[in-house]
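Good morning, and thank you for coming. I shall present one protein structure and go through it part by part.

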Amino acid sequence: MGNSVALQNTQYIYDLVNLCAQFNVEKAVVCPGSRCAPLLIGFGKHPDIETISITDERSAGFVGLGMAQQTESPVVLVCTSGTAAQNFTPAVTEAYYQHVPLVVLTADRPSEWIDQWDGQTIHQGNLYEPHIKGSFIYDEELVVVGEQALALALSGAKGPVHLNIPIREPFYPDSLDEFKIATKGTKFTKEKIYKIEKSTWNGFESILNSSEKVLVLGGQTEPDPRLVELLNQLDVPVVGDVISNLHGVDGVIKTADLVFKKILAPETNSGCKHTKGAEYTNNFKPNFLVTIGRSIISKNLKLFLREYKPQAHWHIGEGMAGDPFQSLTKIVEIPPAIFLKEWLTKFAKEPQRAQSKAKRQYDYFALLSKVQKEVCDDLDSKLEKAEFNYFSAVRKIIKNLPKNSLLHLGNSMPVRIANFIGIQDPTINVWCNRGTSGIDGVVSTAVGHAIAEPNRKHTLIIGDLSFFYDRNGLWLNHEFPNNLQIVILNDSGGGIFNMIPGPSDQGDLTHLFTTKHNRTAEPTAKEFGLEYWSVGSMDELEKVLEKIESGILEIFTDMKINTETFKRIATKGTEDTK
């Protein structure tokens, strides 16, 4: 009798599990608990969903994030009631800003037990707002919201949704002999026809024809060979940070931080003959800026475009459109690849005036390319002469990445260093948690990617504090992926705070920002059974790179040397000539 009551009590939950499968969920990341038992049983027994158990909810959230990014499919997160659900918040927030479809299922006590001193009972409704596409209460009386939530996660700009599920006892079946889960149903298909209004194209054509300098700028974008192919057919310059995944575009301006640093301060750059200052700088101002993707890393590019605003700025893409240059004049909510394809179809083969336009754009491209070559040559020269530092180390790591591999970048310094250096190989995909740019969850996200794509090599470059902060990302309740190489840049603290204005000027309080330490990752590697290597020079690094396959590579550098190198490379004004 008890078994039948428990199964009847939880059938609506097993129906939700099958509904997830119908919406193309193939992976679920579940965290152990009691109140979530029906969810664990349902996902664990469903034949079409791979279920992965992870103890730490914060790590689990980011592992799910990485899986969803890599598979381009929704991933379910499951946890028990109470503060367990709050630990998904960082990953949910990152998913919101990166348009990643996480389906968050949180078990809950019945509502009458909230604020009654019942264990693991908190206010879980709307827990992730405003960083969520939708929040729903799912129970026996409101099963219809399951389909609404899943459809919302996949519509338009994808993103996370939350289903909070009050579960009444009994929910543990005596046995699973009578347990049945439906596995049939129509698969969800997303078919949306996009249409760009004629008035939009008329406005676009008018601006295009009147603009001497048109610039396409890519923010953070998922790897998309089709997008790269279309951009290669445009006759306008393209700028893209390392996280834009546009390094396959011919002649892309990929070192924008260095390029626009030099453009902003031409009279102080060594070897630069320009003395007209603002007049020279104004040559690089675009009349028409077209942006795609999300966040931009390059600070000097942002400073330039904020000071030298384009007359027109269109953003192409679904979801939230930021305005980091305070210049946005129009938003076209359509996938960039669809817009670019129509752009090429409508305007690429115009009669005669196309030749003059192409000439103008070529001159603009040549101007930007000339500066890029100068700054890249200067960077190579400075790094060759410098003592061993983490810029030189990252450059060596990037040059040694195997083709068709994935590069994961930690926030703080790793992504900035890689952005200065740039990626040459178009077969390498780049990922980074730049939705919120936090250091939490970086290891876990890379782990999720590696689990989801086991046939390609994954390399994570991460700072020491970020690695130690997310060590639980290594604590999996299943086998650790052997296709993941973790490279730790250990300068014994948060070196970036010695470089940015402010923290480094706080005298005897600077240590509160830099968080000096003497820890190494060797005990962590031993604890989790991972191969461990450590280096402190370029010779050692080169030798290790010849034989290392996976595990942890810890690169020790001196914070003072790193700071001096950063100032030589990245600082405007007289410091640049040191």
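**A walk through the structure**

I begin with one contact: the side chain of N483 reaches the backbone oxygen of E453 at 3.0 Å. We call this a polar contact, meaning a pair of N or O atoms within 3.5 Å; within protein, one must be able to donate a hydrogen and the other to accept it, and residues adjacent in sequence count only if both atoms are side-chain atoms.

Before continuing, please note that this is a predicted model, in which local features need pLDDT of at least 70 and side-chain atom pairs count only at pLDDT 80 or more, while totals for chains, interfaces and linings use all residues. Residues are numbered from 1 along each chain as its sequence is written, and side-chain values use heavy atoms, with hydrogens and water left out.

Let us return to N483. This residue lies in the loop between α17 (464-469) and β15 (484-490). Helices (H or I, at least four residues) and strands (E, at least two) are DSSP runs, numbered from the N terminus. A polar atom of the N483 side chain also lies 3.3 Å from the backbone oxygen of A450. Is N483 buried or exposed? With a relative accessible area of 8%, N483 is buried. Here buried means under 20% relative accessible area, exposed means over 50%, and partly exposed is in between (1.4 Å probe, protein chains only). Apart from neighbours within four places in sequence, N483 is in contact (heavy atoms within 4.5 Å) with A450, E453, P454, N455, R456, K457 and H458.

Now the chain as a whole. The protein chain has 21 helices and 17 strands. Of its 578 residues, 57% count as buried. Among contacts in the chain with a separation of 6 or more, 73% come from residues 24 or more positions apart.

Next, the interior. A nonpolar core is a set of buried Ala, Val, Leu, Ile, Met, Phe, Trp, Tyr and Cys residues joined through side-chain atoms within 4.5 Å. The largest such core has 62 residues, and those with the most contacts inside it are V242, F391, L409, L553 and I555. A second, separate core of 46 residues includes I52, L102, V104 and I552. If we set aside neighbours within four places in sequence, the contacts of L553 include I397, I486, W533 and L541.

I turn to helix α3, residues 57-71. Its 15 residues reach 21 Å from the first C-alpha to the last, close to the 21 Å expected at 1.5 Å a residue; the expected span is 1.5 Å times one less than the number of residues. Because 14 of the 15 residues are buried, α3 is largely enclosed by the rest of the structure. At its N-terminal end, D56 acts as a cap, with a side-chain oxygen 2.8 Å from the backbone nitrogen of R58. Just after α3, E72 takes a positive phi of about 60°.

That brings us to backbone geometry. Most residues other than glycine have a negative phi, and most peptide bonds are trans. H99, in the loop between α5 (89-98) and β4, has a positive phi near 60°. In the loop between β4 and β5 we find N126, whose phi is near 55° and therefore also positive. N126 is partly exposed, with a relative accessible area of 44%. P130 is placed in the loop between β4 (102-108) and β5 (134-137), and the peptide bond from E129 to P130 is cis, with omega near 5°.

Two further residues deserve mention. T281 lies in helix α10 (residues 278-282) and counts as buried at 2% relative accessibility. A polar atom of the T281 side chain is 2.9 Å from the backbone oxygen of I263. S155, by contrast, is partly exposed at 31% and sits in the loop between α6 (144-154) and β6 (161-166). The S155 side chain reaches the backbone oxygen of L152 at 3.1 Å. The C-alpha atoms of S155 and K190, 35 residues apart along the chain, are separated by 7.7 Å.

Finally, the cysteines. How many disulfides does a search of the whole structure find? The search finds zero, where a disulfide is a pair of cysteine sulfur atoms within 2.5 Å. The sulfur of C79 is 6.4 Å from the closest cysteine sulfur, in C31, which is too far for a bond. C79 counts as buried at 0% relative accessibility, and C432 counts as buried at 4%.
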